[in-house]
Amino acid sequence: PYRVLGVGRSSSQADIKKAYKRLAREWHPDKNKDPGAEDKFIQISKAYEILSNEEKRANFDRYGDAGESQGFAQQQHRQFHRFHDGFYFDESFFHFPFNSERRDTSDEKYLLHFSHYINEIVPDSFKKPYLIKITSDWCFSCIHIEPVWKEVAQELEALGAGIGVVHAGYERRLAHHLGAHSTPTLLGLINGKITFFHNAVIRENLRQFVENLLPGNLVEKITDKNYIRFLSDWKKDNKPHVLLFDHMPVVPLLYKLTAFAYRDYLSFGYVYVGLRGTEELSSQYNINVYTPTMMIFKENIDRPADVVQAREMKKQLIDDFLSQNKFLMVARLTSQRLFQELCPVKKSHRQRKHCVVLLTGEGEKFTKAYEAFLTFAVANTKDTLKFVHIYSDRQPEFADALLMDEEKYHGRSAVVILERRNNAGKIAYKALEEAWQGSKEDNFILLDLLDQLRTDPGLLSSETVVADLNDELAPIFLVRWFYSTLDYISDCWDSLFHSNWREMMPLLSLLFSALFILFGTVIVQAFSDSSDTRDSPPSGKEETTARTEKNDASFSKESNSRIPKKGFVEVTELTDINYTSNLVRLRPGHMNVVLILSNSTKTPLLQKFALEVYTFTGSSSLHFSFLSLDKHREWLEYLLEFAQDAAPIPNQYDKHFLERDYTGYVLALNGHKKYFCLFKPHKSGDEGGTLGSCEDYDALQHAEARGKPSCSPGSRSIKNKLHKLSFWMERLLEGSLQRFYIPSWPTLD
């Protein structure tokens, strides 16, 4: 029950009740749709029933049983041990901590639950890395690594790393979420990203694993050659710079973990005092080479803003030191997050915090005003008063809201005292009457206003709403995309070589499916292209026969039992004689696929049509016909009026109205439901514009009579009109083609 509720054996009733309410809300079957939510909720309820009752809890602690028959449980317990003692199987001989009374409770404070992991651990992993162990009961390997784990966990926790333990038997959902399919499993979590540990479980490997989780550019090695450049970057980075002087040749893990936790506020450098080339640096700042020293530099690189020395640098000492020096003396507002931290919203009259903002510009022109403001800030900084500056050209909306675009401030610096009233952007402020030049008179005026503000908060008489600040230091999209791509490639590479087959199966399935589709498409396209090249002239084996019949009254009776011969397609001409039987009264579920052709294109189109539809002749519900455009143009154009978007009909007053070429069109006619699907001829740019520009033979003669250059379309260009007809037929059978409905079938005169 203690493990189910995630509490320790010394927990109070208040802690137990609090844990029960939290878990009950999370695992209630009405709110949690997880398949195991009901069983988990029952476990939670039973655990709380035992631990909330002091008598049952005492029985469980004493005998491992919460029932009232404690005498029987105790007797059973003793008989069990006598049995083991007789056969030398007492658990003390093996030292296996399976019994709940003897199990090591050091992991209990690290136990993780799913909601706790999602809501607290993952966000906290952006400040420190986590080392997480997945364990379970009756896990012999877990017992084997327990001494090493206990030692490393205590050591890393003292350095600032996070430690977590997941019991796979009670937290299956979390274990599955982490990708752990066996126990024990060790993994690292940093910036929300999971990395598995694959080496031998020894102290050095675990420390190195946690260290490798950290980015490689957290701490810069500093020598006499680069320390001036490093400290001078405060203006570009808008951060204080920290130097640690130590006699260790490598950067201590404690310092790396600290740099990761404060990377958004500070830049870190490490000086190995035993290295040749650091003498000038050590002499410059009077460093004791035998004692680790930490210095923090702000706007003045000649003198540190704060110093701490200790023979053993502890995490608490470093945190206290850095938390008091997270910002420059006059930090530049480069983002909304920084604005909210430096100028927080007032919570009460006693917690008022005011910001003195210098609105200035970049360049030598504004240097004097900035330096005077910095000198004033150093002399007057207080806990309730923050001095900041902002570049008006980079944050124009902010500057316009405070200065009202007044002429007297154009091209000059200005000072504004403000107080944030809420998180929606509302502020109260007061601007100095004249532009800030840094003179003694300006200093006296500003100092007088600050003294008045201490006694009269109503001095900030003006109010306005400012928009969120732009993030000036955010990387551009291409840089973010590049690093995201590198992370993705790194994850794939790690998964490829270290993940087990169960984790790799979805990726392999996706990969092979994509390859199968790719190569299948290439092969189909290759065979399609090769069949096109064999069209002219066709070989004896590939030659297809298009049979024309004028009477096909018995067609529908024989269609169910027909077996197509190789290279043979039965195509019937649609005439007024068989029109009723082949279309109007066609049985439900049957369709007639009709090819539109002319006398001059009949032979090549029928040959190509037979090749394209040959693979579909096995379907008893499909019938194939052709329609002569020379005889039945009006019937066709009447149908196409119902498909204006797919096949627009030319204006009847167009002089070339009768010359429109419909050869190569294919209609799939459903006689019973009165709709049709339309295939338009394929036009290829590779044909040099001949396809679609030359009509049938009569039209060609008419073009020559008008003096236009004639083109005699060969059989290949005509056959190309039916290119990709087979793909259209596949979509027809799938039912994914657009359907054009008509009120009734017109007569075929």
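Biologist: In this predicted model, at what angle do helix α8 and helix α10 pack, and how far apart are their axes?

Modeller: Two numbers describe a pair of packed helices: the angle between the axes and the distance between them. Here α8 (residues 140-159) and α10 (residues 203-213) pack at about 35°, and their axes are 10 Å apart. The crossing of α8 past α10 is right-handed.

Biologist: Which residues make the contact?

Modeller: From α8 come Val148, Glu151, Val152, Glu155, Leu156 and Leu159, and from α10 come Arg203, Leu206, Arg207 and Val210. The general idea to keep in mind is that an α-helix has 3.6 residues a turn, so residues three or four places apart point the same way.

Biologist: How do the residues of this contact divide into nonpolar, polar and charged?

Modeller: Six are nonpolar, four are charged and none is polar.

Biologist: Let's turn to α17. How many residues does this helix have, and how far does it reach?

Modeller: Helix α17 covers residues 367-380, which is 14 residues. From its first C-alpha to its last it reaches 20 Å, close to the 20 Å expected at 1.5 Å a residue.

Biologist: Which residues of α17 are buried, and what covers them?

Modeller: The buried ones are Ala369, Tyr370, Ala372, Phe373, Leu374, Phe376, Ala377 and Asn380. Their cover includes two helices, α12 (234-237) and α19 (440-455), along with the strands β11 (354-360), β12 (385-391) and β13 (414-420).

Biologist: Some of those are aromatic. How many aromatic pairs does the whole structure hold?

Modeller: A search finds 19 of them. To read such a pair, take the distance of the ring centres and the angle of the planes. Phe376 and Phe387 make a good example: their ring centres are 5.9 Å apart and their planes lie at 75°, so this pair is edge-to-face. The pair links distant parts of the chain, with Phe376 in helix α17 and Phe387 in strand β12, 11 residues apart.

Biologist: Are Phe376 and Phe387 buried or exposed?

Modeller: Both Phe376 and Phe387 are buried. They also belong to one aromatic cluster, together with Phe373 and Trp436.

Biologist: Now the backbone. Where is there a cis peptide bond?

Modeller: As a general guide, most peptide bonds are trans, and most residues other than glycine have a negative phi. The bond between Thr183 and Pro184 is cis, with omega about -5°. Pro184 sits in the loop between α9 (172-178) and β3 (185-190).

Biologist: And which residue in the loop between β1 and α8 should I look at?

Modeller: Look at Trp138, found in the loop that runs between β1 (130-135) and α8. Trp138 is not a glycine, yet its phi is positive, about 55°. Trp138 is exposed, with a relative accessible area of 62%. Asn191 also has a positive phi, near 55°. Asn191 lies in the loop between β3 and β4 (193-196), and is partly exposed at 33% relative accessible area.

Biologist: One last residue, Ala259: why does Ala259 count as buried?

Modeller: The cut-off is under 20% relative accessible area, and Ala259 has 1% relative accessibility, so Ala259 counts as buried. Ala259 lies in helix α13 (residues 253-261).

Biologist: With what is Ala259 in contact, leaving aside its neighbours within four places in sequence?

Modeller: With those neighbours set aside, Ala259 is in contact with Leu218, Val219 and Phe268. You can also find Gly269, 10 residues away along the chain, whose C-alpha is 9.3 Å from that of Ala259.

Definitions and conventions:
Residues are numbered from 1 along each chain as its sequence is written. This is a predicted model: local features need pLDDT of at least 70, side-chain atom pairs count only at pLDDT 80 or more; totals for chains, interfaces and linings use all residues. Side-chain values use heavy atoms; hydrogens and water are left out. Helices (H or I, at least four residues) and strands (E, at least two) are DSSP runs, numbered from the N terminus. The expected span of a helix is 1.5 Å times one less than its number of residues. Buried means under 20% relative accessible area, exposed over 50%, partly exposed in between (1.4 Å probe, protein chains only). Contact means heavy atoms within 4.5 Å. Axes are lines fitted to C-alpha atoms, for helices over the stretch in contact, and angles run from 0 to 180 degrees between N-to-C directions. A crossing is left-handed if the near helix is turned anticlockwise from the far one by less than a right angle, and right-handed if clockwise. Ala, Val, Leu, Ile, Met, Phe, Trp, Tyr, Cys and Pro count as nonpolar, Asp, Glu, Lys and Arg as charged, and the others, Gly among them, as polar. Rings of Phe, Tyr and Trp (its six-membered ring) pair if their centres lie within 6.5 Å; planes under 30 degrees apart count as stacked, over 60 as edge-to-face and the rest as tilted.
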